[in-house]
Every structure is written in structure tokens, then in C-alpha cells.
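Trainee: Please take a close look at one small part of this model and explain it to me step by step. After that, tell me how the rest of the chain is laid out around it.

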Amino acid sequence: MTYKGVILPRHYHADFVVWDKILFEAKAAERLSDAHVKQVLNYLAASKLELGLLVNFGGDSLEWKRVVLSRPKPVALPENFRL
């Protein structure tokens with residue numbers, strides 16, 4: 001697997017990928033943290049997916065977050081644009 005042109009020494013396997021579009025990451029922690037969200041963002045970037053669902057089953061009640069990796073869209077410049 002490559003990420004930003006670098007060959008990664010390890011392979012990443014998502015907990016689940018739903019409909020080849022949604023990365024599902026399950027946790028069993030007391031509560032979700034920013035580190036969990038960052039982990040999902042890294043997984044999304046590595047897998048070239050845009051949408052992740054982070055679900056924690058370890059707390060008193062179910063906790064979940066929708067995580068979106070937004071990529072900048074290419075901007076079309078006018079034909080007469082010059083630097």
C-alpha cells in the first residue's frame with residue numbers, strides 16, 4: 001500500500017468497509033477521543049475513502065461519530081489566467 005507516494009511497510013485492514021464507500025471503525029473504549037478520530041482520518045486517507053463511521057461500544061451507551069475526509073477540489077482557472 002502507498003500513501004502520498006511512499007510505500008508503507010505494513011498493510012492496513014479496516015474493521016469493515018461498507019458498500020466499498022464507508023469505513024467502519026469499532027472501538028471498545030470508555031469514550032471516544034480526538035486520537036480515535038485522527039486514526040480514522042488517517043485510515044480514510046490511506047484507503048482513499050471519504051466517509052468513516054467511528055463507533056464505540058465500550059461506554060455506558062453507544063457513542064458514534066461520522067468522520068469525513070474532505071479533499072480540496074481542483075479549481076479550474078480561466079483560460080487567460082497568467083502568473
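Mentor: Start with Asp20, which has a relative accessible area of 69%. The cut-off for exposed is over 50%, so Asp20 counts as exposed. Keep in mind that this is a predicted model. Asp20 sits in the loop between β3, residues 16–18, and β4, residues 22–27. What is the sign of phi at Asp20, which is not a glycine? Phi is positive there, at about 55 degrees.

Now move along the chain to Lys48. This residue is not a glycine, and its phi is positive, near 60 degrees. Lys48 belongs to the loop between α1 and β5, the latter covering residues 51–56. Is Lys48 buried or exposed? Its relative accessible area is 59%, and because exposed means over 50%, Lys48 is exposed.

Leu62 is a further loop residue to look at. Its loop lies between β5 and β6, with β6 spanning residues 63–68. Leu62 has a relative accessibility of 54%, so it counts as exposed. Which residues does Leu62 touch, once neighbours within four places in sequence are left aside? The contacts are with Val55, Asn56 and Phe57. Arg31 is 31 residues away from Leu62 along the chain, and the C-alpha atoms of these two residues are separated by 9.5 Å.

These loops have to be placed in the whole chain. The chain contains one helix and six strands, and read along the sequence they follow the pattern β-β-β-β-α-β-β. The helix is α1, residues 34–47.

Next comes the interior. The largest nonpolar core has ten residues, among them Leu23, Leu32, Leu54, Val67 and Leu69. Helix α1 gives the largest share of this core, four residues. Of the 83 residues in the chain, 23% are buried.

For the outside, the chain exposes about 6900 Å². Carbon and sulfur atoms supply 57% of that area.

Last, consider how residues far apart in sequence meet. Take the contacts in the chain between residues at least 6 apart in sequence: 48% of them join residues at least 24 apart.

To go back to where we began, Asp20 is an exposed residue in the loop between β3 and β4, with a positive phi although it is not a glycine.

How values were computed:
Residues numbered from 1 in each chain as written. Predicted model: local features only at pLDDT ≥ 70, side-chain atom pairs only at ≥ 80, totals over all residues. Heavy atoms only, no water. Core = buried A, V, L, I, M, F, W, Y, C linked by side-chain atoms within 4.5 Å. Buried < 20%, exposed > 50% of the residue type's maximum accessible area, 1.4 Å probe, protein only. Helix = DSSP H or I, 4+ residues; strand = E, 2+ residues; numbered from the N terminus. Contact = heavy atoms within 4.5 Å. Areas by Shrake-Rupley, 256 points an atom, 1.4 Å probe, with all protein chains shown as cover.
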